Amino acid sequence: MAKQPLEGIRILDLGGVWAGTFSTVLLADLGAEVLKQENQFVWQPSTRAVPGPRIPPAMAQAGPGWVTGLPNNDPGESPWNYHPMFVSLYRNKRSFTLDIRQPEGKAILGRLAAMSDAVLENSAVGTMEKLGISYEWLREQREDIIFLRAPGYGITGEYASARTMGAHLEGTMGHQILRGYLGGDPNSNSGIFAADYIAAAQIALAIMMAIWHRNNTGKGQFIEMAQAENAAAMFAQAYMNYSFNGEVDHAIGNRSIYAADGQAPCGVYPCLSPGGAETGDDRWIAITVTSDATWEALRTVMGDPEWAQDPELATGAGRAAAQDMLDEKLAEWTADFEDEDLFARLQAAGVAAAPVLEASRVLDDPHVQARNLYVPQELQDDIGVHRYPRPIYDFPESEGGIRRPPVAFGQDNDYVYRELLGVSDEEYERLEAEGHIATSFSETL
Amino acid sequence: MSGPLNDVRVLDLTQHIAGPYATKLFADFGADVIKIERPGGDPSRRLGPYKGGEPHPEKSGTFFYFNTNKRSVALDLKEERGREAFWRLLERADMVVESFRPGVMDSLGLGWDEIHARRGDVPLISITNFGQESPYRDYKGSDLVLYAFAGEMFSTGLLEREPVKMYGTAALVQSGSAAATAMMGALMAGRYQGVGQQVDFSIADSHLVGVDRRHATVIGYQYSGRKSLRSPGAAVGMLNGVFPCQDGWVDLQGGGARFSNAREFLGYPDWMEDEKWDDPAIQMNPEAVEEFNAFFYVWLLEHTKREIWEAARKVRFLCGPLFTIDEVFEDPNFRARGFWEMADHAELGEVEIPGRPFLMSETPWELRRPAPLLGEHTAEVLGEAGYDAGAINELAAAGVAEVR
């Protein structure tokens with residue numbers, strides 16, 4: 001086995017929320033040593049838990065599993081170590097605490113930067129400025145450092161001061177108008193975090209590209225990502241349609257933007273369900289006809305009903321024009337089947353289809369099991385064994401996988417202070433007393 | 001200055017969206033991406049929107065956006081001499097990326113063992129719907145189908161309606177971004193350690209354990225036994241939600257602790273003079289919410305989304321105007337930042353497209369060439385690999401290569 005591609009690379013992680021936090025999982029999965037800096041006196045919103053470090057017990061009793069679902073419905077002592085929204089973003093990392101608002105804290109940060117290949121942050125513009133952390137300051141610590149900043153709208157321009165989460169900047173880039181039900185209002189859209197995650201993947205990519213360049217030339221650099229601009233790739237076809245033709249696209253529900261190119265019908269249709277939507281027991285099948293040939297295959301699976309024999313439907317243009325009728329007829333047909341049954345039948349005939357899988361069914365899925373996507377692990381906190389995600393991909397000839405389960409707040413203070421910085425016992429105690437070293441958020445928050 | 005990957009050559013056998021987006025990221029940052037297209041070209045040349053509306057393989061907006069900066073070599077890999085050309089190109093390459101169905105590379109005689117035997121240091125990134133080894137490995141996918149199965153679609157939308165997806169191919173673009181990280185890691189293992197390997201990248205897996213929220217609903221259910229359901233209706237609290245305004249909609253988060261700035265945000269209206277609005281707990285009082293909204297909805301209709309966003313920026317509310325695509329395109333901020341790029345294309349003339357995904361100070365994103373015409377670089381690339389003009393003409397005459 002070869003060592004991991006990023007073994008020996010150290011990343012000083014000043015990031016937060018999803019974009020920063022997920023980006024460094026990708027780097028850690030490839031072998032980088034990620035040092036996640038945390039501060040017992042500073043609560044980074046949507047980074048380790050919501051709404052704050054102390055979650056009222058009543059809040060853990062109800063609500064969507066992904067927002068308030070805590071182990072045994074109990075927030076416990078340190079929910080920031082095992083919040084369902086965030087815990088999966090901490091595998092393979094190290095966590096240490098340091099109050100970088102204090103002069104000595106900033107000096108220590110400088111020493112760590114000098115030992116690091118790259119530093120990243122994605123807070124609102126002003127946060128780093130207030131702390132005096134700039135590319136120039138980091139270069140004084142290490143000449144060839146790589147520094148990446150990823151605020152919502154970048155560091156220049158009239159929107160640079162905007163406070164935003166990924167959901168808001170998706171609105172600005174057009175996604176709220178482009179997604180959602182056909183003819184529906186955008187205020188029925190669910191909050192999603194697509195922009196956060198694409199930014200995360202590309203933060204990791206940008207840092208690796210900069211490492212590649214540094215290894216070639218000895219030079220570091222400064223990287224600026226405006227997350228709004230980064231999200232644009234997800235809406236590329238709509239921009240191209242406007243650029244080409246001056247056309248302004250709107251939401252079309254689950255239909256394909258390629259309907260006229262043969263991709264119709266395309267939709268989500270009801271199946272036999274063990275219960276209703278209010279208990280999450282409603283079942284649905286997603287189907288995309290991707291060509292004239294798969295339309296023929298779908299007809300066969302349906303037993304070629306009379307309505308499907310209309311020769312107009314043999315072409316993409318014909319099916320695109322008949323989408324209302326097709327959706328109605330398909331929904332009538334699917335309603336008599338189990339989703340898993342249709343999944344197997346349609347795929348056996350070469351038609352793209354799958355259940356809209358509710359989260360409670362994921363761990364039982366044969367694909368998820370065959371690929372060992374969720375691996376039983378214990379965390380530092382005694383909350384029992386649960387299955388947590390493994391890295392997205394494996395490198396068969398390189399070491400990898402899960403080297404460490406999701407890291408607890410301040411779990412690696414010993415490693416960072418004693419091994420990396422070489423502080424004495426006496427100094428360690430002093431830094432603890434002065435608030436730098438902690439394993440729990442301050443009661444003052 | 002040029003991109004950071006200007007010493008990297010990629011043989012790109014990907015098609016459609018996810019793979020081409022991953023290789024576009026490489027090409028846009030300087031890599032020499034040689035896109036090997038089958039006779040007739042990447043099927044995404046047959047996906048709209050088309051310039052002028054009429055389908056044409058050189059006028060696809062999808063193909064254009066996802067294939068900038070690449071060189072196109074049209075080669076029939078089902079022909080012995082086509083494969084021979086592939087092996088010649090491999091001698092000069094740093095990596096191979098493909099997105100065929102599992103088994104197709106083997107059946108073409110271009111499988112991993114063959115590649116590895118010739119170039120031990122060259123990685124192969126295989127991007128597929130469900131991976132090389134899975135009970136679903138031969139299953140078909142689409143943006144909708146993959147997002148439905150692997151992404152967090154079930155909880156997206158309204159409770160009484162069907163789950164609803166994101167725009168277009170957003171889920172595939174997310175996966176393509178993650179695939180680019182796999183390419184970069186494999187490239188490093190190849191260049192620095194001489195280790196070539198096949199990386200099995202599954203689009204489904206990238207959603208199941210990575211990009212976007214699926215992991216959170218799976219963990220939340222394990223922890224609490226509670227599912228994540230769709231919402232019964234538009235969730236609107238005091239200053240929290242998606243609101244209609246004079247010229248469209250705004251997404252606003254000015255509740256909670258931020259509510260203390262509400263007066264400043266609204267321009268100190270008379271109706272907020274009452275001290276009761278100073279108590280943050282008032283946001284939980286349904287009658288007060290109703291009273292507040294009776295004024296607030298009138299205020300919204302008197303203001304444009306830009307005015308509302310500007311006011312929100314001053315008081316640090318989380319906010320985003322819901323721009324339509326023409327508004328994004330014409331927006332002065334992104335224009336001033338230089339986000340849009342002009343490409344000059346042989347068939348389409350000047351075309352404006354979204355530009356850099358991030359700015360690198362030393363090795364910037366660069367639009368060196370627009371998306372290639374089918375086979376535009378066949379002669380050039382085969383020439384670099386040692387084919388003389390006569391040999392290239394012979395391949396073209398035999399229908400093995402398409403030369404433009």
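Two strands are taken as paired if DSSP finds at least two bridges between them, and helices (H or I, at least four residues) and strands (E, at least two) are DSSP runs numbered from the N terminus. On this basis, 5 bridges join strand 7 of chain A to strand 8 (residues 284-288) of chain A, and the two strands run antiparallel. The structure is a predicted model, in which local features need pLDDT of at least 70 and side-chain atom pairs count only at pLDDT 80 or more, whereas totals for chains, interfaces and linings use all residues. Residues are numbered from 1 along each chain as its sequence is written, while chains are lettered from A and ligands numbered from 1 in the order in which they are written.

The pairing of strand 7 with strand 8 belongs to an open antiparallel sheet of 3 strands in chain A, with the order 7-8-9. Strand 7 (266-270) and strand 9 (352-355) of chain A are the edge strands, each pairing on one side only. Neighbouring strands of this sheet are turned by 20 degrees against each other on average, direction ignored. Within the sheet, A:Val268 has A:Ala286 of strand 8 of chain A as its bridge partner. Helix 14 (residues 339-348) of chain A lies across strand 8 and strand 9 of chain A and runs at about 165 degrees to strand 9 of chain A. A helix of the other chain also packs on this sheet: helix 6 (residues 143-150) of chain B touches strand 7, strand 8 and strand 9 of chain A, and its direction makes about 20 degrees with that of strand 9 of chain A. Here axes are lines fitted to C-alpha atoms, for helices over the stretch in contact, and angles run from 0 to 180 degrees between N-to-C directions. Residues are in contact if their C-beta atoms, placed from the backbone, lie within 7 Å.

Chain B likewise contains an open sheet of 3 strands, with the order 7-8-9 and antiparallel pairing. Strand 7 (240-245) and strand 9 (318-321) of chain B stand at the edges with a single partner strand each, so one side of each is left without a neighbour in the sheet. The average turn between neighbouring strands of this sheet is 20 degrees, direction ignored. Strand 7 of chain B is joined to strand 8 (residues 248-253) of chain B by 6 bridges in an antiparallel arrangement, and B:Pro244 stands opposite B:Trp249 in strand 8 of chain B. Helix 12 (residues 305-315) of chain B packs on the sheet and touches strand 7, strand 8 and strand 9 of chain B, with its direction at about 15 degrees to that of strand 8 of chain B.

In chain A, the axes of helix 1 (residues 17-29) and helix 8 come within 7 Å and cross at roughly 45 degrees. That makes helix 1 of chain A oblique to helix 8 of chain A (angles under 35 degrees count as roughly parallel, over 145 as roughly antiparallel, 65 to 115 as roughly perpendicular and the rest as oblique). The residues of this contact divide into 13 nonpolar, 1 polar and 1 charged, where Ala, Val, Leu, Ile, Met, Phe, Trp, Tyr, Cys and Pro count as nonpolar, Asp, Glu, Lys and Arg as charged, and the others, Gly among them, as polar.

In chain B, the axes of helix 1 (residues 18-28) and helix 7 (residues 170-193) come within 7 Å and cross at roughly 50 degrees. Helix 1 of chain B is thereby oblique to helix 7 of chain B. Residues of helix 1 of chain B including B:Tyr21, B:Leu25 and B:Phe26 meet residues of helix 7 of chain B, among them B:Leu172, B:Val173 and B:Met183. This contact comprises 10 nonpolar, 3 polar and no charged residues.

The contact between the chains takes 131 residues from chain A and 126 residues from chain B. Helix 8 (residues 194-217) of chain A gives the most to the side of chain A that touches chain B, with 14 residues. By class, that side has 77 nonpolar, 40 polar and 14 charged residues. Strand 6 (residues 221-224) of chain A and strand 12 (residues 359-360) of chain B run antiparallel and are joined by 2 bridges, with A:Ile223 opposite B:Met360.

Notes. Contact = placed C-beta atoms within 7 Å.
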